[in-house]
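Visitor: Before the discussion begins, please place the model in view.

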Amino acid sequence: MATSQKLSDKPRTLIVGGGYVGLTVAQQLQKKVKEAGGVVTLVDPLPYMTYQPFLPEVVGGHIEARHAIVSLRKHLKDTEVVVGTVTAVDHEGRGAVVELDDGSVVELPYQDIVMAAGATTRTFPIEGLGDQGVGLKTIEEAVYVRNQILDNLEAASTMTDEAAKARALTFTVVGGGFAGIECIAEMEDLIRSAVDANPRLSQSDVRIVLVEAMGRIMPEVSEEQAEGVVEHLRSRGIEVLLNTSLGSATEGELQLINMADKSELDRFECDVLVWTAGVAANEVGNSSGFPVDERGRVKASATLQIVDDEGAPIEHAWTAGDVAAVPDLTGAGPGGFCVPNAQHALRQAKMLAKNLLAARAGEAPTEYKHESLGAVAGLGLYQGVGNPMGMKLKGFPAWLAHRGYHGLAIPTVERTARVASNWINELIFGRDITPLRDLESPRRQFEKAAARAKKK
Ligand SMILES: Cc1cc2nc3c(=O)[nH]c(=O)nc-3n(C[C@H](O)[C@H](O)[C@H](O)COP(=O)(O)OP(=O)(O)OC[C@H]3O[C@@H](n4cnc5c(N)ncnc54)[C@H](O)[C@@H]3O)c2cc1C
């Protein structure tokens, strides 16, 4: 393993992960670190940050996929951006092992490290799930779900085999948290528009199912609001199945289980299966050698320093966001820790950057404490629900609050402008229901042409 000659040899502040936390920390630190003769290096396997709260809107087609992501290179001019994956950390030796995009491996020495690798989709060993399902954590997954829905609708409209048609027109989401509810609501909205536009299909051909293992959905809002959302989704024809789990998904045949007595509740065939039933801290927390809690989250103090098993800060090691177990000093977080959301990620990132600079200046770090501003979800065009700033909202005002908040919260003014232009275009021209074909085999047409030329 070698240190690449092309990478900076200045004292390095290494950020592991260029998501919400990583991008924000780099923005806050890059100029100051550069002026002090150092370099901020951000490592991520992706060259962009994904604004995950917009993934359901990408499924729904309100936002163009590229506009829900933020280019790291374009927006971090004074940061050394490295597209690669951190696979191990030797904090005593102050070095991290990075697998680069070209497959080579380098060790990056560092002065300070910021662990910001976020979370990944958490699944369970359910037969067939790995073959049939798809998550909703990445922009590629959102694009895939959207295309799969639109492709299925188009294919079903010419099918004569009733069983095959029913399978193509059945859409299932497992997980009734914020992401799952926003996703199924956007899916329903998209499906209804696409069916309306296709004279060979009727709304009654379509089956849309939400599966949730608990007795309620959306723990972030009040029980009363959650019940209101269930009613609302059911009024839109979505089957909301509470206290129900996915038993298996072998070859697209879904088995649903009643959680109360573990009996089989239903069995049906379905192509589109979206899994949003939970996230887990990124495993790099574990492989880094830093102490992690029982859920794999890097142990942290309220000052956003990584701590040892006795709770003492480890020098020059920092963490925030979904990968970290940050104490919630307001006492509101489950188990005493901040919940994994963008609201905390952004604020923790800003405080982490301040504290890192304070530590370098020999000053005491500040503790992170943030009272939740509430949550607000979009449920498709003009529909929403939430409790921003303690106000109970539903319908159009909630939808407006959702768009207003996230439209401004997506990093960079440039992205806000692009997203706003998507929304304005949709208001003028209506919803875009065009699927993109052949994304997994884009050379198909060319290969055909080449094969024809060979035959001649
Ligand atoms: C569908 C969906 C909807 C959501 N909606 C909301 C919402 O409405 N409101 C809200 O507050 N929150 C919402 N969230 C949660 C919010 O997006 C996250 O809490 C937030 O993105 C966490 O930021 P982060 O920087 O910790 O992690 P992330 O933004 O996930 O970034 C982690 C980064 O680390 C990178 N990485 C992973 N492993 C490595 C490695 N080994 N080496 C280097 N880099 C690595 C990843 O590629 C990624 O870019 C939503 C999430 C989802 C999935």
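Guide: Helices and strands are DSSP runs, a helix having at least four residues and a strand at least two, and they are numbered from the N terminus. The model is predicted.

Visitor: In which loop is Thr412 found?
Guide: The phi of Thr412 is positive, about 80 degrees, although Thr412 is not a glycine. Thr412 is found in the loop between helix H11 (396-409) and helix H12 (413-429).

Visitor: Does Thr412 count as buried or exposed?
Guide: The cut-off for buried is under 20% relative accessible area. Thr412 has 18% relative accessibility, so Thr412 counts as buried.

Visitor: Is Met389 buried or exposed?
Guide: Most residues other than glycine have a negative phi. Met389 has a positive phi near 50 degrees, and Met389 lies in the loop between strand S24 (384-386) and strand S25 (393-394). Exposed means over 50% relative accessible area. Met389 has a relative accessible area of 63%, and therefore Met389 is exposed.

Visitor: What is the handedness of the crossover from S12 to S13?
Guide: Strand S12 (residues 207-211) pairs with strand S13 (residues 238-241) in the parallel sense, over 4 bridges. Within this pair, Val211 stands opposite Leu241 in S13. From S12 the chain passes through helix H8 (residues 223-235) to S13, and this β-α-β crossover is right-handed.

Visitor: Which helix gives the largest share of the largest nonpolar core?
Guide: In soluble globular proteins, nonpolar side chains tend to be buried together. The largest nonpolar core has 111 residues, of which Ile149, Leu153, Met187 and Phe290 touch the most other members. The largest share of this core, 10 residues, comes from helix H7 (residues 178-196).

Visitor: From which domains does this core draw at least three residues each?
Guide: The domain assignment of the protein chain gives two segments to each of domain 1 and domain 2. This core draws at least three residues from each of domain 1 (12-121 + 280-360) and domain 2 (129-277 + 423-429).

Visitor: What is the area buried between domain 1 and domain 2?
Guide: The C-alpha centres of domain 1 and domain 2 lie 32 Å apart. The contact takes 21 residues from domain 1 and 18 residues from domain 2. Carbon and sulfur atoms give 62% of the area buried between domain 1 and domain 2, which is about 1700 Å².

Visitor: Which residues does Gly252 touch, not counting residues up to four places away in sequence?
Guide: Gly252 is found in the loop between strand S14 (244-248) and strand S15 (253-258). Gly252 counts as buried because its relative accessibility is 0%, under the 20% cut-off. Not counting residues up to four places away in sequence, Gly252 touches Gln132, Arg167, Phe268, Glu269 and Cys270.

Visitor: How many Å apart in space are Trp318 and Ala353, C-alpha to C-alpha?
Guide: Trp318 lies in strand S21 (residues 313-319) and, at 2% relative accessibility, counts as buried. Leaving aside neighbours within four places in sequence, Trp318 is in contact with residues including Leu352, Asn355 and Leu356. Trp318 and Ala353 are 35 residues apart in sequence, and their C-alpha to C-alpha distance in space is 9.3 Å.

Methods: Residues numbered from 1 in each chain as written. Predicted model: local features only at pLDDT ≥ 70, side-chain atom pairs only at ≥ 80, totals over all residues. Heavy atoms only, no water. Pairing = 2+ DSSP bridges. Right-handed = clockwise from strand over helix to strand, strands pointing away. Core = buried A, V, L, I, M, F, W, Y, C linked by side-chain atoms within 4.5 Å. Buried < 20%, exposed > 50% of the residue type's maximum accessible area, 1.4 Å probe, protein only. Domains from an automatic or database assignment. Contact = heavy atoms within 4.5 Å. Buried area = accessible area lost by both parts, 1.4 Å probe.
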